[in-house]
Amino acid sequence: MWLPLLGLLIGISLGLLSDLQIPSVYSNYLSIAVLAALDTLFGGIRAHLQQVYDDKIFISGFFFNIILAASLAFLGVHLGVDLYLAAVFAFGVRLFQNIAIIRRILLTKWSERAEEKKRGEIEESQDVEKL
Amino acid sequence: MNSQNKRKSKKNSVRQIWFSVVFLVLGFIFAFSYKTLGINNQQDNYQPLAYLREEQYREELLRLQERNKELYEELDEKMREVMDIEHSFMHEEDRHTKLIEEAEQLRLLLGLVPAHGEGVKVTLKDADYDPLTQNPNDYIVHESHVLRVVNELKIAGAEGIAINGQRLTSNSSIKCTGPVITVDGKTFPEPFVIEAVGSQEVLQSSLQLRGGVLDSLEQDHIVVLVEEKEVILPALREG
């Protein structure tokens, strides 16, 4: 449990402390990588809530999506076509869909729990009446 | 039961390691993106680019100006050579003398060669006035005044004319641009010094004709100074 958190902290500190400078031309790649990472993260959460979560799919998806998006952007730069827009679009749409599904699942769970609670209360009150 | 547990815990630790790698990459990407593309750094990335470009253009301009100057100097030299050759012709053949003199005259008129000799120097200055109580338009030198003097001098047979050191040619322009005047694309402020090479007597008297240029300038409250002196005019230079 602590290991992933430690990894996150190390990653953040590495990112903030590193003196790496990239030319502004390559900022597209970075933004796409951010989007891909976010997309995979939310996809993982959704899969977990839908009980179809798989480690292999999540981890391979995480890295593969980042690499795919970056290579797509690279290809786009060299072809003169803004292919990175395709990646931004696809990831953006999927991000929104994933978040919507997560929201719905959470909502149904919450309302189910509320109903159960209510039913329980009613049964209790009925019990009391019986007494 | 025991071996199953072991396998499970082993699988769990592998999973944890993978997760830490994923989160490490995630954290790095986010932090790095924030650092390099975030709001704080946006301006720094673009400013130097614009500066660089400006610097580049400036350098190019300087280089071109330098080259221009060099070429003009070369042209000057070539012109002198041509003149020397012509002079040698003059010594050789007497009948060409007239033509060469004419060519020289025309060249003086075109302003291609420096001119020197006796001539007059006319200085036009704004009159002293109080801009609060008087209309300044009535007291400053306008381009029309300069034009009038120049025309008069030309009619009187001036061989070469220059305004504040800018040589006039047959297709020069004198334009009014606010408080200054523009001669062939160069602006000059008051006072305007008009120098002309030619017969001092003729030039002087043509300016001082009764009801002529000097009289009308005086009426416009302009301070006019006419001197007779040896005048040296530079050759025409552009750029």
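# Reading strands and helices in a two-chain model

Biologist: Which residue in β5(B) stands opposite C176(B)?

Modeller: C176(B) stands opposite I181(B) in β5(B). Bear in mind throughout that this is a predicted model.

Biologist: How should I read such a pair?

Modeller: In general, the strands of a sheet pair through backbone hydrogen bonds, and the pairing is either parallel or antiparallel. Here, strand β4 (residues 174–177) of chain B pairs with strand β5 (residues 180–183) of chain B in the antiparallel sense, over 4 bridges.

Biologist: How many residues lie between the strands in the hairpin of β4(B) and β5(B), and which residue takes a positive phi?

Modeller: There are 2 residues between β4(B) and β5(B), and G178(B) takes the positive phi, near 70°.

Biologist: Which strand comes after β5(B) in this run of pairings, and how many bridges join the two?

Modeller: Strand β6 (residues 186–188) of chain B is joined to β5(B) by 3 bridges, and the two run antiparallel. One pair to look up is V183(B), which stands opposite K186(B) in β6(B). β5(B) and β6(B) also form a hairpin with 2 residues between them. In that turn D184(B) has a positive phi of about 50°.

Biologist: Now the open sheet. In what order do its strands stand?

Modeller: The sheet has 5 strands, in the order β3-β2-β7-β1-β8 of chain B, and the pairing is antiparallel. At the edges stand β3 (166–167) and β8 of chain B; each has a single partner strand, so one side of each has no neighbour in the sheet.

Biologist: What are the partners of β1(B), and over how many bridges does it pair with them?

Modeller: Strand β1(B) pairs with strand β8 (residues 223–233) of chain B over 11 bridges, antiparallel. With strand β7 (residues 192–197) of chain B, β1(B) shares 6 bridges, again antiparallel. To check the register against β8(B), take K125(B), whose bridge partner is V223(B), and G119(B), whose bridge partner is K229(B). Against β7(B), take K121(B), which has E195(B) as its bridge partner.

Biologist: Is β1(B) mostly covered or mostly open?

Modeller: Mostly covered: 8 of the 11 residues of β1(B) (residues 115–125) are buried. For chain B as a whole, buried residues make up 31% of its 239 residues.

Biologist: What does the rest of chain B look like in outline?

Modeller: Chain B has 6 helices and 8 strands. From the N terminus on, the elements run α-α-α-β-α-β-β-β-β-β-β-α-α-β. Among the contacts in chain B with a separation of 6 or more, 72% join residues 24 or more positions apart. The chain exposes about 16,100 Å², of which carbon and sulfur atoms supply 54%.

Biologist: Which residues of chain B does UniProt list as "transmembrane region"?

Modeller: The unreviewed UniProt entry lists residues 16–34 of chain B under that name. In the model, this span is 100% helix and 0% strand, with its end C-alpha atoms 26 Å apart.

Biologist: And which spans of chain A does the "transmembrane region" annotation cover?

Modeller: According to the unreviewed UniProt entry, residues 28–45, 57–77 and 83–102 of chain A. Residues 28–45 of chain A are 100% helix and 0% strand, and the end C-alpha atoms are 26 Å apart. For residues 83–102 of chain A the figures are 95% helix and 0% strand, with 29 Å between the end C-alpha atoms.

Biologist: How can the length of a helix be checked, using helix α1 of chain A?

Modeller: Allow 1.5 Å a residue: the 16 residues of α1 (residues 2–17) of chain A should span 22 Å, and the end C-alpha atoms are 22 Å apart, which agrees.

Biologist: Which residues of α1(A) are buried, and which are exposed on the other side?

Modeller: The buried ones are P4(A), G7(A), G11(A) and G15(A). They cover an arc of only 60° around the axis, so they are on the same side of α1(A). On the other side W2(A), L9(A) and L17(A) are exposed.

Biologist: What is G15(A) in contact with, leaving aside its neighbours within four places in sequence?

Modeller: G15(A), in helix α1 of chain A, is in contact with F28(B), A31(B), F32(B) and K35(B). Its relative accessible area is 0%, so G15(A) counts as buried.

Note on methods: Residues are numbered from 1 along each chain as its sequence is written. Chains are lettered from A and ligands numbered from 1 in the order in which they are written. This is a predicted model: local features need pLDDT of at least 70, side-chain atom pairs count only at pLDDT 80 or more; totals for chains, interfaces and linings use all residues. Side-chain values use heavy atoms; hydrogens and water are left out. Buried means under 20% relative accessible area, exposed over 50%, partly exposed in between (1.4 Å probe, protein chains only). Contact means heavy atoms within 4.5 Å. Accessible areas come from the Shrake-Rupley method with a 1.4 Å probe; for residues, only the protein chains shown count as cover. UniProt positions are given in the numbering used here, feature names are shortened, and annotations may be inferred rather than shown by experiment. The expected span of a helix is 1.5 Å times one less than its number of residues. The arc is that of the directions from the helix axis to the C-beta atoms. Two strands pair if DSSP finds at least two bridges between them.
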